[in-house]
Amino acid sequence: MFEIFASLGEALALIGGADPALAGIVVLSLELSLAAAVAGAAIGLPLGALIAVGRFPGRRTLIVTLNALLGLPSVVVGLVVYLLLSRAGPLGSLGILFTPAAIVVAQTLLVAPIVAALARQVAEDAWREYEEQLTSLGVSRLRAVPTILWDARFSLLTVVLAGFGRAASEVGAVMIVGGNIDGVTRVMTTAIALETSKGDLPLALALGAILILVVLAVNAGVFAIREWSARRHG
Amino acid sequence: MAERASFLVEARGVSVALGGTLALDRASLRLEPGPRTVVLGANGAGKSVLLRTLHGLIAPTAGVVAWGDVDGRPARQAMVFQRPVMLRRSALANIGYALAVNGVAEPQRSRRAAAALARVGLTALAGRPARVLSGGEQQRLALARAWSLEPEVLFLDEPTASLDPGATAEVERVIASFAAEGTRIVMTTHNLGQARRLADEIVFIHAGRVTERTAADRFFVQPGSTEASLFLQGEIPW
Ligand SMILES: Nc1ncnc2c1ncn2[C@@H]1O[C@H](COP(=O)(O)OP(=O)(O)OP(=O)(O)O)[C@@H](O)[C@H]1O
Ligand SMILES: [Mg+2]
């Protein structure tokens, strides 16, 4: 028990001293997770809305596939991305394995299905409300997709946030495709795993505390935006 | 040369089955350019379904809905719903959106949107988010949005159902002025005073069937069907 408190004290000292190595890891983590959340949203939001609003062959298959992807073990995603990006793989010529770019690719693959599935739910609710009115105005289903995405923008912010959280908390896939190289691809989660296994609990704890703080701060920000928008836009 | 259709829209023996009930039962109605039509009938008679079917939102289970042509194209139409849905943007942008979707480019789009708002007296609220407007303001905005599309036929489903007397009078004034400019009005209401004020002719519906179509001044004195006279006496016709 005492050990935890001692580690906690050292962890606070690390955070308070703004340790440069620590700061580098934190910044890299945030950058990569943000990039993955943006890329995942760029794929997932239109896809989710299209599935909600559209009537096309293969729609059901797409829904089932998407739901299956939700439960995909992240190490498997890591493995597949590893195989694709490895020197002998089809995308090996890109030479991005063990770089931050590879991490973003793996995280995006994990984020996109989550965003798509949640966005579909939001878009379906909106479409139920809007369908008759939009159809009456002469809006096609395809044209309705951007309309719905824009109108549900504040709810969808929460969806993208869930994607960001998924990316920021990912360990397995990031470890496999990034390699946890110090100063290059070491992010908060892989650093925590490494430092814990090495027994450096203060550093692991400091990173864990920052990870939680960051997630809390982002959530609070999104919550504030939603409150404000609800008051302003109804 | 093909004969020019003399009607704007026509339902021929239209039946609509919804959730196991026959909401419309072989309804026929031909709407020529001209008079203001008010559709009357008890709750659940099929008024809303008739309007939605004519407007093209519901596909008939049997029968046909045909749109006559004006200058070689189907008549333009718009509909105002009892509870209009507004998009999460300003009042002005809601009209701009409808115009954009219908291929109206700038600078006409902004000009027409502003003119439509002015038409219903909402210019002062142009920048206000549409969904926080009051019920009456939203109803007028819906009228402006529909009018901006320059419809030849305008369907209105209980356009004043939840409005106070002042807002109701305002909406009636706007509808009457649209009609005076040549827009074909087809509306429903449960406000018989409103029907008297706005209707040139009454279409009466009972249990999904069009039981009569009578000039308004005749209808209120001497309706042509038993169901309608019971309805006017405030009795429930079943
Ligand atoms: N989506 C639907 N599913 C099942 N039944 C429906 C649906 N829409 C309408 N109906 C039924 O069709 C019939 C006609 O409905 P409609 O809405 O046209 O009535 P109305 O004349 O407009 O009544 P009100 O005066 O109450 O508005 C009713 O019996 C109603 O229950
Ligand atoms: Mg109705």
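Of the 234 residues of chain A, 44% count as buried. This is a predicted model, so treat the tour as a walk through a prediction.

**Stop 1: chain A as a whole**

Select chain A and color by secondary structure. Chain A has 10 helices and zero strands. Follow the chain along its sequence and the pattern reads α-α-α-α-α-α-α-α-α-α. Now show the C-alpha trace alone. Along its principal axes, the trace of chain A spans about 65 × 50 × 30 Å.

**Stop 2: helix α5 of chain A**

Select residues 100–136 of chain A, which make up α5. Pick A:V111 within helix α5. Is A:V111 buried or exposed? A:V111 has a relative accessible area of 0%. That is under the 20% cut-off, so A:V111 counts as buried.

Keep A:V111 selected and add A:T147. The two are 36 residues apart in sequence. Draw a C-alpha to C-alpha distance between A:V111 and A:T147, and the value is 23 Å.

**Stop 3: the loop before α5**

Step back to the loop between α4 (74–85) and α5 (100–136) of chain A, and select A:L94 there. The relative accessible area of A:L94 is 52%. The cut-off for exposed is over 50%, so A:L94 is exposed.

Turn on the surface and add A:V75, A:V76, A:V80, A:L84 and A:L91 to A:L94. These residues form a nonpolar patch on the surface of chain A. Together they have about 460 Å² of accessible area.

Stay in the loop between α4 and α5 and select A:F98. What is the sign of phi at A:F98? Phi is positive, about 65 degrees, although A:F98 is not a glycine. Most residues other than glycine have a negative phi. A:F98 is partly exposed, with a relative accessible area of 34%.

**Stop 4: ligand 1**

Move to chain B and center on ligand 1. Show its surrounding residues: there are 13. Which are the closest? They are B:N43, B:G44, B:K47, B:S48 and B:H190.

Now check three distances to oxygen atoms of the ligand:

- B:H190: a polar side-chain atom lies 2.6 Å from an oxygen atom of ligand 1.
- B:N43: a polar side-chain atom lies 2.9 Å from an oxygen atom of ligand 1.
- B:A45: here a backbone N or O atom lies 3.2 Å from an oxygen atom of ligand 1.

On its own, ligand 1 has 630 Å² of accessible area, and the protein covers 60% of that.

Color the shell by residue type. Five residues of the shell are nonpolar, six are polar and two are charged. Then highlight helix α1 of chain B, residues 47–55. Helix α1 gives the most to the shell, with three residues.

**Stop 5: two backbone details in chain B**

Go to the loop between α2 (91–101) and α3 (108–119) of chain B and select B:P107. Look at the peptide bond that leads into B:P107 from B:E106. This bond is cis, with omega near 5 degrees. Most peptide bonds are trans.

Last, find the loop between α4 (135–148) and β8 (153–157) of chain B, and select B:E150. B:E150 is not a glycine, yet its phi is positive, at about 50 degrees. How accessible is B:E150, and what is its class? Its relative accessible area is 43%, so B:E150 is partly exposed.

Key:
Residues numbered from 1 in each chain as written. Chains lettered and ligands numbered in written order. Predicted model: local features only at pLDDT ≥ 70, side-chain atom pairs only at ≥ 80, totals over all residues. Heavy atoms only, no water. Near = heavy atom within 4 Å. Polar contact = N/O pair within 3.5 Å; in protein donor to acceptor, adjacent residues only side chain to side chain. Areas by Shrake-Rupley, 256 points an atom, 1.4 Å probe, with all protein chains shown as cover. Helix = DSSP H or I, 4+ residues; strand = E, 2+ residues; numbered from the N terminus. Nonpolar A, V, L, I, M, F, W, Y, C, P; charged D, E, K, R; others polar. Patch = residues over 30% accessible without salt bridge, like charges linked within 9 Å, V, L, I, M, F, W, Y side chains within 5 Å. Salt bridge = Lys/Arg side-chain N within 4 Å of Asp/Glu carboxyl O. Buried < 20%, exposed > 50% of the residue type's maximum accessible area, 1.4 Å probe, protein only.
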